[in-house]
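User: I've just opened this one and could use a friendly walk-through. Can we take it a question at a time?

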Amino acid sequence: MTTILTPLAGVARPRLSRAQIAQLLEEARARTLQLIATVSEADLRAQHDPLMGPILWDLGHIGHFEELWLDRNLDGKVEFVEMPGMYNPFEYPRRVRGELPLPTLAATLESMAAIRERSLERLEHVDLDSGDPLLEDGYVYQMVLQHEYQHNETMLQTLQLKTGTPYSPGTRRELSSVPSPNVDRPRMVRIEVSGATLGTNDRRRAYDNERPKHSADMAPYWIDRTPVTNAEYLEFMRDGGYTRLGLWSDAGRQWLADSKATAPKYWWQADGKWLRRSMDRVAPPEPFAPVIHVCYHEAEAFARWTGKRLPTEAEWEIAASWNPVQGEALEFPWGSREPTVSDANVDQLGFDVARVDSYENNVSPLGCSGMIGDVWEWTSTDFTGYPGFVAFPYPEYSELFFGTEYKVLRGGSWATRPGAIRNTFRNWDYPIRRQIFSGFRCARND
Ligand SMILES: [Fe+2]
């Protein structure tokens, strides 16, 4: 078996065999199907909200994306725009997908299975050492896997948004939860580093927007040790956070006026008490769990209320990855081991956030907790390419979105599959979005 050195932590990692790739593809598909096992065909076909297309579309799109890259691509270079019309996300934005003549569930699953059969057959014979960077070390397979993982999270956003009876998962894993989080620990961590690096040169799995690895010149700063909790956020609400317009930016005030929001999404008041819903469970917000389903503007207003600010993306990544003793960036806060559900609240089946500090492995060398899992964390940074960025393998994944419209989010959520998150992973969205599984932590200057 070929062994390559990752440029990350100098850890030798065996290259995935064809059998392992096939197994991962099957595992990803099993999860996709598991998530929808309890959902009716009518609900899979429905456009539950303008923000999210029907899940039936996601299913067909997952299949056709796979066909494009693991089948047609092996016959010659493909362009992303070659994806068949109905499932092309750029031709049909989410809000109109409910009007598409989507095939039945049975027909969709049949076509997904047929595509899968072809990709597995081609995997048997493909030359992974041809020198094609798309095939090298199985990159294209990792890309297709991550695509399915990422669509699983999108599907969960839709299931949380769904109208009618709330989504009831078939299988649920009870979350590990510390009995009483250590509230005596300091709220913030001071970070002063030199020679730290951001991004990665990994070409086996990382997306183009995570490359290249580059140095970060950082002034010393403070960053919250854990994400902001429901208890802290409730204090902000009780202190008039949503009506004190001085705490909000111009864009934030506009969003407040448009949305008329007075609390995070999926919160409401009953008999003077706040309740929140995660899928089919309704309960008062757990004081020690991270606040979730807040937009960038809410995060920014909260930070201003505490006299802090949101971290930059670079500050976030260094807090998660930098190991000052070894002088190197780690792929995960705990090192190079792939995340498991014992390390962090990831992989979906808990269907909610857990109390902060519930995962003792999920602490970075610089002392930040919960950087991976639970909530995607808003940063103050616009989504752009790193110095030396090169689009690969198609500009529609990242480059098309570079600019000032989107803010970067980091760290993954409870709804993120472990294969689609690492310290260098960059997510992005509009500052007004909160159907995503988003929270935040704050920072301040030294
Ligand atoms: Fe997609």
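**A cavity, a metal site and a small sheet**

Analyst: Sure. Keep in mind that this is a predicted model. A good place to begin is the lining of the largest cavity, whose residues divide into four nonpolar, four polar and three charged.

User: Which residues line the largest cavity?

Analyst: The structure holds three cavities of 30 Å³ or more, and the largest has a volume of about 80 Å³. Its lining is made up of Pro227, Pro290, Arg355, Val356, Asp357, Ser358, Tyr359, Asn362, Ser369, Gly370 and Asp374.

User: Now the metal. Which residues are the protein donors of the iron ion?

Analyst: The donor residues follow the spacing H-x85-H-x3-H in sequence. Each gives its NE2 atom, lying 2.1 to 2.3 Å from the iron ion. The protein donors are His61, His147 and His151.

User: Where do His147 and His151 lie?

Analyst: These two are four residues apart, which is about one turn of the helix. Both are in helix 5 (residues 139–161).

User: Is His147 buried or exposed?

Analyst: Buried means under 20% relative accessible area. His147 has a relative accessible area of 10%, so His147 is buried.

User: And His151, buried or exposed?

Analyst: The cut-off of under 20% applies again. His151 comes in at 12% relative accessibility, so His151 counts as buried.

User: On to the strands. What is the order of the open sheet of three strands?

Analyst: Strands of a sheet pair through backbone hydrogen bonds, either parallel or antiparallel. Here the pairing is antiparallel, and the order is 7-8-9. The edge strands each pair on one side only, and they are strand 7 and strand 9 (281–283).

User: How many degrees does the twist average from one strand to the next?

Analyst: For this sheet of three strands in the order 7-8-9, going from one strand to the next, the twist averages 30°.

User: How many bridges join strand 7 to strand 8?

Analyst: Strand 7 covers residues 267–270 and strand 8 covers residues 273–278. Within this pair, Trp268 stands opposite Leu275, while the bridge partner of Gln269 is Trp274. The two strands run antiparallel, and the number of bridges joining them is four.

User: Which residue in the turn of that hairpin has a positive phi?

Analyst: Strand 7 and strand 8 form the hairpin, with two residues between them. In that turn, the residue with a positive phi, of about 50°, is Asp271.

Notes. Residues are numbered from 1 along each chain as its sequence is written. This is a predicted model: local features need pLDDT of at least 70, side-chain atom pairs count only at pLDDT 80 or more; totals for chains, interfaces and linings use all residues. Side-chain values use heavy atoms; hydrogens and water are left out. On a 1 Å grid over the protein atoms alone, a cavity is a set of points where a 1.4 Å probe fits but cannot get out, and a pocket is an open set with protein on both sides within 12 Å along at least five of seven lines; lining residues have an atom within 4 Å of a point. Grid points are joined across faces, edges and corners, and a volume is the space filled by probe spheres set on the points. Ala, Val, Leu, Ile, Met, Phe, Trp, Tyr, Cys and Pro count as nonpolar, Asp, Glu, Lys and Arg as charged, and the others, Gly among them, as polar. Two strands pair if DSSP finds at least two bridges between them. Donors are N, O and S atoms within 2.8 Å of the metal (3.2 Å for Na, K and Ca); water is not among the atoms, so sites may look incomplete. Buried means under 20% relative accessible area, exposed over 50%, partly exposed in between (1.4 Å probe, protein chains only). Axes are lines fitted to C-alpha atoms, for helices over the stretch in contact, and angles run from 0 to 180 degrees between N-to-C directions.
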